[in-house]
Amino acid sequence: MASFMGAIIPFMPLSVSAQGLVYPESGGKKVKTLQTKGEFTKTKVDRGLNYYFYQSMDEISGAPQTVYVTEIDLDCGRYNVMFHYGGDSTSSAAIKHNAVAAINGTYEPDACYIRTNGVNHHEVKIPSGHLRFWKHNGAIVGDGGNKVAIINGARGQEATDEGGEKAIALYKSLSEPNVFSSAPMLIDDYDLVGARYVPVELIGSDFKQFQYEDYRRHQGVRHPRVAVALTEDNDLLLIVVDGRNPKAAGMSARELTLFIHKHFNPRWALNMDGGGSSTMYIKGLGDPVTNVLNYPTDNKKVDHYGQRRICSHILVTKK
């Protein structure tokens, strides 16, 4: 056993792909996913599928927060993780494919690398030096079944153009049929990179000094957020943080990193598209019409009907 930032890290078997991607090895010892007590409520949705809900004053952000987490045990043999491409709302995509759970995917196509079922729908079109070039520096990849990995394509150069070029080269080399790039990486092999993605000295600054799409402002202020995380023992976490309403302030990338680390301590975590795209779906829960649990904000109302049509989703289907 080893420790990092005060957390106990179990050394468990790992599988490494030809490109160096690290996958949790199926069949390892299962450990408790939720690390804290009394702050989340837990609902068992089905065998290998749990839902966690948090609504409280969060000590990390010092603000009211509402957080939704879906946990999928990828070892249980019941679920596939589908990378879906096509302009639709999250609930519509989930219903069309009979998904049991879903979240929205990644950012706008010109800033991302998007591959599903072996087809490259989009590669990064914007050039190095562009204000949005940072949006593809990490990725979630998978085989369309129960094998999923989260990778830091720009490791060591997360907030530089060089890191973006390095990430693109990695994605092109991958044999995995599904790749959704996104950013920023929040946790990389237990390293809390998202806590320092925006320079720490800027905390408390007026981020309006930066343009909206500048990574420092985009990730330094509070918004609704979406993340994917993967534990050492092969549990996939789909995470949505509400924002822009009285019970949900939203989080910065730093706050989200520390929150996920505190409550779940995954080995990897990646920020996905947030803001008005933030949506969580679980079949049979949430709104009786849409099965959306959170409060998407695209309609500027606090209800379940403010979903946005987006190009990518992560769907969990039963085998």
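This passage describes the confidence of a predicted model, one of its sheets and its two largest pockets.

The structure is a predicted model, in which the mean pLDDT of the protein is 92 and 93% of the residues reach 70 or more. The stretch of residues 1-14 has a pLDDT below 50, although it still makes 35 contacts in the model beyond its near neighbours in sequence. Where pLDDT is low, the predicted coordinates should not be read in detail.

An open sheet is built from five strands, which follow one another in the order β11-β10-β14-β12-β13 and pair in the antiparallel sense. The edges are occupied by β11, covering residues 119-122, and β13, covering residues 148-152; each of these has a single partner strand, so one side of each is left without a neighbour in the sheet. On average, and with direction ignored, neighbouring strands of this sheet are turned by 25° against each other. The partner of β11 is β10, formed by residues 114-116, and the antiparallel pairing between these two strands extends over three bridges. Within this pairing, Thr116 has Val119 of β11 as its bridge partner.

The largest pocket holds about 300 Å³ of space and is lined by 24 residues, among which Tyr107, His218, Asp273, Gly274 and Arg308 lie nearest its centre. Both α3, spanning residues 215-220, and β20, spanning residues 310-318, supply at least two residues each to this lining, and β20 gives the most, with three residues. When the lining of the largest pocket is sorted by class, ten residues are polar, while seven are nonpolar and seven are charged.

In the second largest pocket, the space amounts to about 250 Å³, and of the 20 residues that line this pocket, Ile203, Phe207, Gly220, Ser252 and Arg254 are the closest to its centre. Here at least two lining residues come from each of α3 and α4, the latter formed by residues 253-264, and α4 provides the largest share, four residues. By class, the lining of the second largest pocket comprises eleven nonpolar, six polar and three charged residues. Helix α3 therefore appears in the description of both pockets, since at least two of its residues belong to the lining of the largest pocket and at least two to that of the second largest pocket.

Definitions and conventions. Residues are numbered from 1 along each chain as its sequence is written. This is a predicted model: local features need pLDDT of at least 70, side-chain atom pairs count only at pLDDT 80 or more; totals for chains, interfaces and linings use all residues. Side-chain values use heavy atoms; hydrogens and water are left out. Two strands pair if DSSP finds at least two bridges between them. Axes are lines fitted to C-alpha atoms, for helices over the stretch in contact, and angles run from 0 to 180 degrees between N-to-C directions. pLDDT is the predictor's confidence in each residue, from 0 to 100. Contact means heavy atoms within 4.5 Å. On a 1 Å grid over the protein atoms alone, a cavity is a set of points where a 1.4 Å probe fits but cannot get out, and a pocket is an open set with protein on both sides within 12 Å along at least five of seven lines; lining residues have an atom within 4 Å of a point. Grid points are joined across faces, edges and corners, and a volume is the space filled by probe spheres set on the points. Ala, Val, Leu, Ile, Met, Phe, Trp, Tyr, Cys and Pro count as nonpolar, Asp, Glu, Lys and Arg as charged, and the others, Gly among them, as polar.
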